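Open the model in a viewer and keep the selection tool at hand. The stops below go from one selection to the next.

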Amino acid sequence: MHKFRRPHAQQISKTSRTDIGDDNFLKASLRRKSSMTKPSVPVGIICSQSGPYHAMGREILKSALMAVDEINNHPDFDFSLTAHVRDPRGVISEYHTVCDDLIRNTGVEHIIGCYTSASRKQVLPIVERTDRLLWYPARYEGFECSDNVIYVGASPNHNVLPLVRYMLDNISRQVFCVGSNYVWTWETNRVTRELVTAAQGSILAERLLELGEGAVEHIVDEIVRRKPPVVFNTLVGSSSYDFIRAFHAATTAARLEIPMLSCSLCEPELKIVGPASAGCITSSAYFESIQLPENRAFVQRWKARYGETSSPSVDGQSAYVAVYLLARALSRAGTSSIGEVRRAAAGYRYNSPQGPVWIDGDNNHCVLTPRLAVSNAQGQFDLFWEADAPVKPDPYLTQLDVAAGPARETSRAEASPIAPHLRVVK
Amino acid sequence: MSKPSSFSLRGRRALVAVKDERDLSIVRRQFERLGIDIFTWETGDALECRPDVALIDDEFLPLASPAQRALPGRCPVIALLGTETPSRLKLVLELDPASFLVKPLRSAGIYAALVLAFERAERTNELKQQVVKLEERLRSRRVVLAAVLQVMHSHAVAEPAAFALIRRAAMEQRKTIEQMSAEIAANGSLPRATG
């Protein structure tokens, strides 16, 4: 435990081990010594910079390190954070190893990272056994609530429900699902099926590909042959990029206009996919195009650091938010002790790039604002819909009313029985 | 009209008999997240609520009073295991648990234990209803046999044809074969329309 308001408890970080490829800026950032005048709190960062979802892992790392540097140079924080980065390379068993290494060899009490649920499940037993706190940035499928995890990303009621409601109300009740064969897709499809069935619609197909699988042609052929009114894409990483390109080429050749939905696509991925990514209706708590002063300043700092053509992503921004929520909670608690930090984080509002967010002390998940947008040809998203107030997380979908309209299940953060009104963003 | 998700446990009522304060606080927190109403219970207390599920700590076993022992028949029971010794498991088996959790508790596992317990209870109830139906049918075999013999006699037909006549009469009158057989046995003949 680090009590950084007491001079005798001052700690200087141990050596950090990292491998972040060719990004010299990141290396320089990691080499930079934190201020010697402030006590230092070691923070672990676990994200894969190779493997099937390395692009997202690198985004998480870039954003987390940006937040660490900002906090270390900010006069309001009377401590600094020392990042100890570990790269599990997308190998699931490596997550356990690197987490164990972080806890044993760097003494971290707080860890930021993991992207897939499978990786989080690898880390969970260690953080619970050793009573550490994992700050998990990714949106996920819910149905978990560990006291040793702060879930900073969107819960299923933030992410999947608004998108499926929108589809049912505005596009079609007949949907073709394609996704990666893992828990995120399984659970997203289950919720989708429940809502679609309640609306007297049907799931036309549910096609699954292994993570990293690039052979997508047979699914695209089936879509062109069957001409479904809408495709719901829950593929992740390279499979998704291959699919979107092949889908765009095949539907363009066949002169078909089939809308595609996603609840994971983000700006860096639009750039990876290229022009084929335009027109995808996406659900997210964060888009680069959010017109809030906090976001405009964040994007400006991001581009100054990582280049004018680069874009922050939802998961990256969430990692940035996670570091800030941690730092603010550390500051409030005056100690790195996880019980006190968790209590300090609960309900402590932060005006983040994505808007006001805070941790719901009832379930350690983040209160945030759901949004829908459509991707454009410039690699950005045009927002068309957002909740008018931050929405309480519902990780077990306890409040889900499958017969309800779009707004009813999203109970207000203030626990008001009145559902928030949704408004169109122009 | 509102319709909760099929996996939502919102509004269920749980009787919770957990000895350790830490375990109890974990149960309480997780149940609140799931929208489940909690009624804590100590083994000396009277059972005043009608729970949908009961969590029983093995520390409280064996249950003392007849009212307590009747609990497993009233709702599914989730056993909280502190030890896996056969002597303790024997006591746990008396609860006929629909699911179990291992102490010390953590939030993970509680939702799954509840879902499994409710599903197990529903399937067991279906099975019990089926057994009751089958037992009734078994008991009425004698009546059906008597009615078949009577129709064979009165209509001078073989057993399959006699049974077919009874079945047709039962269908026409929207009755079970057993009910129709009882009437035939009592009246001595098939209803007129069928003959």
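Which residues have the most contacts inside the largest nonpolar core? Select Ala64(A), Trp135(A), Val323(A), Leu55(B) and Ile78(B), which hold that place in a core of 152 residues. The model is a predicted one. Next select helix H11 of chain A, residues 314-333, which supplies the largest share of this core, 13 residues. A separate second core has 12 residues, including Val148(B), Ala162(B), Ile166(B) and Ala170(B); the tour returns to some of these residues at the end.

**Chain A as a whole**

Select chain A. Its secondary structure consists of 12 helices and 16 strands. Of its 426 residues, 55% are buried. Among contacts in chain A with a separation of 6 or more, 70% are between residues 24 or more positions apart.

**Helices H11 and H12 of chain A**

Keep H11(A) selected and add helix H12 of chain A, residues 338-345. How are the two helices oriented to each other? Their axes come within 8 Å and cross at roughly 110 degrees, so H11(A) and H12(A) are roughly perpendicular. To see the contact, show Leu325(A), Ala329(A), Leu330(A), Arg332(A) and Ala333(A) on the H11(A) side, and Glu340(A), Val341(A), Ala344(A) and Ala345(A) on the H12(A) side. Sorted by class, this contact has 7 nonpolar and 2 charged residues, and no polar ones.

**Two loop residues in chain A**

Go to Asp131(A), in the loop between helix H4 (117-129) and strand E4 (133-136) of chain A. Its phi is near 55 degrees, a positive value in a residue that is not glycine. Is Asp131(A) buried or exposed? It counts as exposed, because 12 C-beta neighbours lie inside 10 Å.

Then select Arg255(A), which sits in the loop between helix H8 (238-253) and strand E9 (260-262) of chain A. Arg255(A) also has a positive phi, near 55 degrees, without being glycine. With 6 C-beta neighbours inside 10 Å, Arg255(A) therefore counts as exposed.

**Where chain B meets chain A**

Show both chains and select the residues in contact between them: 17 from chain B and 18 from chain A. On the chain B side, helix H1 (residues 21-34) gives the most, with 4 residues. That side of chain B is made up of 5 nonpolar, 7 polar and 5 charged residues.

**Chain B: domains and the surroundings of Ile78**

Now colour chain B by its domain assignment, with domain 1 at 13-108 and domain 2 at 130-187. The C-alpha centres of these two domains are 48 Å apart.

Within domain 1, centre on Ile78(B). What is Ile78(B) in contact with, leaving aside neighbours within four places in sequence? The list is Val53(B), Leu55(B), Pro97(B), Ala98(B), Ser99(B), Phe100(B), Leu101(B), Ala113(B) and Ala117(B). Leu55(B) was also selected at the start, as a residue with the most contacts inside the largest core.

**Two cis peptide bonds in chain B**

Select Leu61(B) and Pro62(B), which are joined by a cis peptide bond with omega about 0 degrees. Pro62(B) belongs to the loop between strand E3 (53-57) and helix H2 (66-69) of chain B. A cis peptide bond also joins Lys103(B) and Pro104(B), with omega about -5 degrees. Pro104(B) is in the loop between strand E5 (99-102) and helix H5 (110-139) of chain B.

**Helices H7 and H8 of chain B**

Move on to Glu159(B), in helix H7 (residues 159-172) of chain B. It has 12 C-beta neighbours inside 10 Å and so counts as exposed. Not counting residues up to four places away in sequence, Glu159(B) touches Val148(B) and Met152(B); Val148(B) is part of the second core. For a distance across the chain, pick Asp45(B) as well: Glu159(B) and Asp45(B) are 114 residues apart in sequence and 60 Å apart from C-alpha to C-alpha.

Finally add helix H8 of chain B, residues 177-187, whose axis comes within 9 Å of that of H7(B) and crosses it at roughly 110 degrees. H7(B) is therefore roughly perpendicular to H8(B). Show Ile166(B), Arg167(B), Ala169(B) and Ala170(B) in H7(B), which meet Ile177(B), Met180(B), Ser181(B) and Ile184(B) in H8(B). This contact has 6 nonpolar, 1 polar and 1 charged residues. Ile166(B) and Ala170(B) are among the residues of the second core.

Definitions and conventions: Residues numbered from 1 in each chain as written. Chains lettered and ligands numbered in written order. Predicted model: local features only at pLDDT ≥ 70, side-chain atom pairs only at ≥ 80, totals over all residues. Domains from an automatic or database assignment. Core = buried A, V, L, I, M, F, W, Y, C linked by C-beta atoms within 7 Å. Buried ≥ 20, exposed ≤ 12 C-beta atoms within 10 Å, placed from the backbone. Contact = placed C-beta atoms within 7 Å. Axes fitted to C-alpha atoms, helices over the stretch in contact; angles between N-to-C directions. Parallel < 35°, antiparallel > 145°, perpendicular 65-115°, else oblique. Nonpolar A, V, L, I, M, F, W, Y, C, P; charged D, E, K, R; others polar.
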